[in-house]
Amino acid sequence: MHNSSSSLPLISRKAQGLSGRLRVPGDKSMSHRALMFGAVAIGETTITGLLEAEDVINTAKSMTALGATAARGGDGVWRVQGFGVGGLRSPDAPLDFGNSGTGVRLAMGLMATTPLIAHCVGDASLSKRPMGRVTTPLALFGARFEAAEGGRLPLTLQGARSPVPVTYTLPVASAQVKSAVLLAGLNTPGITTVIEPTPTRDHTERMLKGFGARLTITQEADGRHITLEGQHELKAQSLDVPGDPSSAAFPMVAALITPGSDITIENIMLNPTRTGLIETLLDMGADISIEDRRMAGGEEVGDIRVRSSRLHGVRVPAARAPSMIDEYPILSVAASFAEGTTRMEGLEELRVKESDRLAAVEAGLQANGVTTRSGPDWLEVLGGGAPGGGQVVTHMDHRIAMSFLVMGLASHLQTAIDDSRFIATSFPDFTGLMNRLGA
């Protein structure tokens, strides 16, 4: 295998059936938030099951640079020492968020209403992504931003000295934007309100309540109203982070499309705003059962048993998109092995992800002999099995990399990806774990 420091190609081949029990990394959304909320709570927050991937480690380093301390003990438990809602201070050096859109956008919210100055940077991929969707509402609180051309990183943030509360209606369904506005509200006097016409993941609301924030949610004619009463201290918590459903998606689809498979993925978060992929796969005829449902950290968790199944094509409605926006690449792989055509709608958000994720998925499918059709916000995948044999350009996108490695386990010919290094941003031991199951 050719290996250079600039890229790390990887190949996957037909597997004979996957079996075993496994745990996937801790949920990424909860890991970022646990570190950030711990940093502005009073006292010591302890976190078990934290996702120890590059994105989350960068958030931990940033919180430490802002004056809190976030460190991993020899026992594997992370401890965050927080200094209260207005307790962050100007960092001495630029805050480097690496590849993480969640990390930088949420941190900007956290910093926007504290009188500090911070310079935010990221890697090449993150620096291509627009930050305007967050800086626009945060400027309403009184924060000031100087960004690179097109509202991108590197970006300098000057937090508001006397923040004013904001009522903001989300123009696009985005949990990151919602969260940034709510976090800015923590250190703002009075009531901050986010109006959400389309519901998105609610991890921020659940966890803020767990930390003792004064937060109420009401359903009104124009959407969900999330109101937060600012300048109340948060209390340190002890958190156990369940497995990430977006990471579980890869072994789950791998088991469905690889004949003779039977696996159980333990301790997965089953938040209803994140289970769109499971719903869709069940519609397609997947043999998936959820065992031992229980509550942990304000979130429902359970074990997912998956056996290989004959899938059939379905129409995936646009309304389901927010609950599975990260899962369309891997769903497209499942659709390649289903009988008939699968049509996915409401995908405009994928055009503005790390890459134009929709175009990248379609190119990868076509490179492996799968017929597709698409429009500005929809994709159709014609099933019947993927011949394989193609080389996939991942565009530094970890989900595209993992999706096409899964495809190779069931395709006729091997599947290759141009670069596997970015998998570490969310799922550090992906290849080892899959190989242990029999991949």
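Glu345 and Arg343 join their side chains in a salt bridge, with N and O 2.6 Å apart. The structure is a predicted model, so please read each value here as computed from that prediction. How do the two partners sit with respect to the surface? Glu345 has a relative accessibility of 15% and counts as buried, because the cut-off for that class is under 20%. Arg343, at 25%, counts as partly exposed.

Let us turn to a second pair. Asp356 forms a salt bridge with Arg351, and their closest N and O atoms are 3.2 Å apart. Here Asp356 is partly exposed at 31% relative accessibility, and Arg351 is partly exposed at 28%.

A third pair reaches across the sequence. Glu266 and Arg21 meet through their side chains in a salt bridge of 2.6 Å, N to O. This pair links distant parts of the chain: Glu266 belongs to strand 16 (residues 262-269) and Arg21 to strand 2 (residues 19-23), with their positions 245 residues apart. Arg21 is exposed, with a relative accessible area of 52%.

Here are the three pairs together.

| Acidic residue | Basic residue | N to O distance |
|---|---|---|
| Glu345 | Arg343 | 2.6 Å |
| Asp356 | Arg351 | 3.2 Å |
| Glu266 | Arg21 | 2.6 Å |

Side chains of opposite charge can pair when their charged atoms come close. Which residues go beyond a single pair and form a network of salt bridges? Arg201, Asp326, Arg357, Asp397 and Arg399 are linked in this way. How many salt bridges does the model hold in total? The count comes to 34.

Definitions and conventions. Residues are numbered from 1 along each chain as its sequence is written. This is a predicted model: local features need pLDDT of at least 70, side-chain atom pairs count only at pLDDT 80 or more; totals for chains, interfaces and linings use all residues. Side-chain values use heavy atoms; hydrogens and water are left out. A salt bridge is a side-chain nitrogen of Lys or Arg within 4 Å of a carboxyl oxygen of Asp or Glu. Helices (H or I, at least four residues) and strands (E, at least two) are DSSP runs, numbered from the N terminus. Buried means under 20% relative accessible area, exposed over 50%, partly exposed in between (1.4 Å probe, protein chains only).
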